[in-house]
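Visitor: I am new to this structure, and I would like a close look at one part of it, with the terms spelled out as they come up. Could you take me to a place where two helices meet?

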There are 2 protein chains.
Amino acid sequence: MNSLTVELGDRSYPIFVGAGVLQQCDLTRYIKAKQVMIVTNETIAPLYLEQLTKLLVDYDVQQVVLPDGEQFKTLDYVNNIFDQLLKTRQNRTTTMIALGGGVVGDMTGFAAACYQRGVNFIQIPTTILAQVDSSVGGKTGVNHPLGKNMIGAFYQPQLVIADINYFVTLPQRQVAAGIAEIIKYGLIYDADFFVWLEQNIHKLVAKDPEALCYAIMRSCEIKAEVVSKDETEQGIRAWLNLGHTFGHAIETHQGYGNWLHGEAVAAGTVMALDLSCRLGWIGQDLLDRTKTLFELAELPIAPPREMSVDAFIDLMSVDKKVLDGKIRLVLIEKLGRAVVTDQFALHLLKETLSMGSSAVVK
Amino acid sequence: MNSLTVELGDRSYPIFVGAGVLQQCDLTRYIKAKQVMIVTNETIAPLYLEQLTKLLVDYDVQQVVLPDGEQFKTLDYVNNIFDQLLKTRQNRTTTMIALGGGVVGDMTGFAAACYQRGVNFIQIPTTILAQVDSSVGGKTGVNHPLGKNMIGAFYQPQLVIADINYFVTLPQRQVAAGIAEIIKYGLIYDADFFVWLEQNIHKLVAKDPEALCYAIMRSCEIKAEVVSKDETEQGIRAWLNLGHTFGHAIETHQGYGNWLHGEAVAAGTVMALDLSCRLGWIGQDLLDRTKTLFELAELPIAPPREMSVDAFIDLMSVDKKVLDGKIRLVLIEKLGRAVVTDQFALHLLKETLSMGSSAVVK
């Protein structure tokens with residue numbers, strides 16, 4: 001059983017990665033009292049809820065089943081979780097379990113952070129994207145109509161279980177969305193991993209278990225290392241947002257849930273590399289290699305055709321990295337190294353933002 | 001200028017106490033960038049908003065004016081604050097300022113904890129209750145229809161300004177509500193202070209500046225000491241909740257805002273002492289002295305007549321101190337010392353809960 005630890009002092013926690021780790025990792029060691037509240041969604045519940053509750057026969061298990069989709073990642077739906085927590089009299093020693101993708105994980109984590117000012121929670125991510133990114137590192141929260149992930153908390157789980165057996169039922173579009181975040185890790189942090197991805201992208205797309213296991217483990221290692229260095233994003237953690245300022249703008253503009261997060265990140269990453277290229281920091285070669293990788297995963301490599309430069313600028317100016325009104329972006333200095341900067345000419349940014357006319361039809 | 005520090009390592013912060021400290025303390029030293037968002041309410045805004053904004057002429061100041069009252073301390077109204085933060089493009093370096101009573105402070109602090117996963121905030125409490133209790137120590141949050149303060153965060157401010165000049169316009173009922181929490185500090189932590197309160201209660205009720213200043217300073221000192229020892233309420237911090245389990249039940253039952261928090265705490269404190277007396281831990285004498293103090297401040301000394309034992313038990317069983325289904329209460333062992341316990345016979349608790357028939361008509 002593969003495992004690693006997110007090192008955060010007395011808030012450190014393990015991540016188990018592999019096929020069947022849900023059964024192998026003795027989940028109950030991480031539950032401190034009788035009460036358990038599982039939060040999942042309408043897609044995952046019929047597939048995997050019973051399998052999980054069977055591991056918890058000795059506990060008083062309650063559940064909330066949310067609708068499935070980014071458009072439901074709102075304060076209103078988190079309030080539904082609070083309703084259920086209070087109706088079932090969950091006390092401060094309850095353990096919340098997020099069983100689902102990134103939306104379920106982000107909402108459950110935020111509810112756990114706020115309920116009675118903080119209860120324990122466990123992440124059981126069921127998508128590739130959630131396993132390699134959102135379930136690790138303690139970023140929790142919800143969207144606001146005016147901006148993605150604008151409301152939330154840094155709040156770490158007690159445990160992350162990344163079981164790749166869940167991918168048997170994962171739709172191909174979701175597989176691709178997860179691969180987008182995996183490719184990001186290569187670009188910002190690990191040139192060798194990027195090369196490995198170029199050699200193994202077909203295996204990942206085909207859900208080859210061994211390749212997936214390696215890619216998820218390596219992604220989690222990078223994320224854990226970055227989060228350990230900078231939990232609350234004062235510095236290097238922002239690298240993990242490569243493509244996200246562009247991507248969040250796309251998601252908000254298109255209506256949450258229409259573009260998957262990973263799809264928006266893919267297009268946004270191409271835009272970040274495009275601007276890095278216009279600035280002369282990277283060559284056309286790396287931009288082309290990245291586009292090829294995304295295309296092989298059937299991911300978009302440009303923003304939606306109808307999205308104007310002004311729409312981008314407007315939405316990007318509420319980004320969490322904005323300081324004193326200046327947009328700051330994560331760009332690439334060279335393969336394996338990112339930088340957060342506001343040092344770019346506006347006309348170059350606008351050239352990048354106008355690349356929507358070449359958008360791949362989704 | 002009186003001041004003290006809440007010692008919490010790199011999250012330590014000062015409290016300034018006295019007449020005119022708003023002008024004297026150089027507020028702007030605690031604001032780290034250009035953006036400031038003041039949150040206040042419809043009662044305070046016409047009285048004191050301009051006075052505050054005049055101190056901030058060099059800043060980009062925005063404001064949210066909430067309706068006044070505990071019934072508006074909800075997630076929906078916090079969402080209104082988020083709307084305004086996003087519409088005015090507040091970024092991570094913004095400073096939020098809570099100008100108002102406990103409701104404004106709790107909501108602003110919670111909004112600051114969650115907006116972009118955490119921005120700075122300053123407490124400028126305008127009521128006695130907020131100055132001695134809610135503005136200090138980082139408990140932030142909102143009510144839920146099923147329980148008081150059930151949704152929130154531990155999140156510390158950068159600064160607390162307790163200016164007693166605000167009390168010129170403070171209604172007498174609010175003065176009394178604040179005195180209830182002051183008396184609490186004597187009961188749980190400082191027998192000498194309790195005796196001082198017995199000798200000076202008339203001065204406090206009459207808003208004598210010198211007496212108020214002393215009582216607020218001493219209350220803040222006790223609170224700061226307790227919070228420094230136990231920020232997230234694993235132990236001694238729960239003492240500060242003397243009377244609150246009963247009191248929250250009253251507030252929830254009566255509809256938020258009908259009983260002021262301090263009024264419910266007064267009645268709840270009498271109930272906690274009544275039970276402590278039935279258990280033989282304290283004598284009738286201390287119970288009578290406490291009732292006398294509350295009566296001199298025109299505070300209720302019994303719960304609402306119509307509130308049944310079952311209604312109490314039901315509402316108290318969602319309290320944050322409940323563990324494994326058992327109600328735990330803060331009781332008094334002797335003057336100046338509290339204890340958190342579930343060691344009381346249910347029939348004695350029920351006798352205490354049935355004291356509503358002697359309720360003072362409000």
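Guide: α9(A) passes α10(A) in a right-handed crossing, meaning that the near helix is turned clockwise from the far one by less than a right angle, whereas anticlockwise would be left-handed. The model is predicted, so local features need pLDDT of at least 70 and side-chain atom pairs count only at pLDDT 80 or more, while totals for chains, interfaces and linings use all residues. Residues are numbered from 1 along each chain as its sequence is written, and chains are lettered from A, ligands numbered from 1, in the order in which they are written.

Helix α9 of chain A covers residues 244-254 and helix α10 of chain A residues 261-278; helices here are DSSP runs of H or I with at least four residues, numbered from the N terminus. The two pack at an angle of about 135°, with their axes 7 Å apart, where axes are lines fitted to C-alpha atoms over the stretch in contact and angles run from 0 to 180 degrees between N-to-C directions. α9(A) and α10(A) are therefore oblique to each other, the word for angles that are neither under 35 degrees (roughly parallel), nor over 145 (roughly antiparallel), nor 65 to 115 (roughly perpendicular).

On the α9(A) side, His244(A), Phe246(A), Gly247(A), Ile250(A) and Glu251(A) take part, and they meet residues of α10(A) including His261(A), Val265(A), Gly268(A) and Met271(A); contact requires C-beta atoms, placed from the backbone, within 7 Å. The residues of this contact divide into 7 nonpolar, 4 polar and 1 charged, with Ala, Val, Leu, Ile, Met, Phe, Trp, Tyr, Cys and Pro counted as nonpolar, Asp, Glu, Lys and Arg as charged, and the others, Gly among them, as polar.

Conventions:
Contact = placed C-beta atoms within 7 Å.
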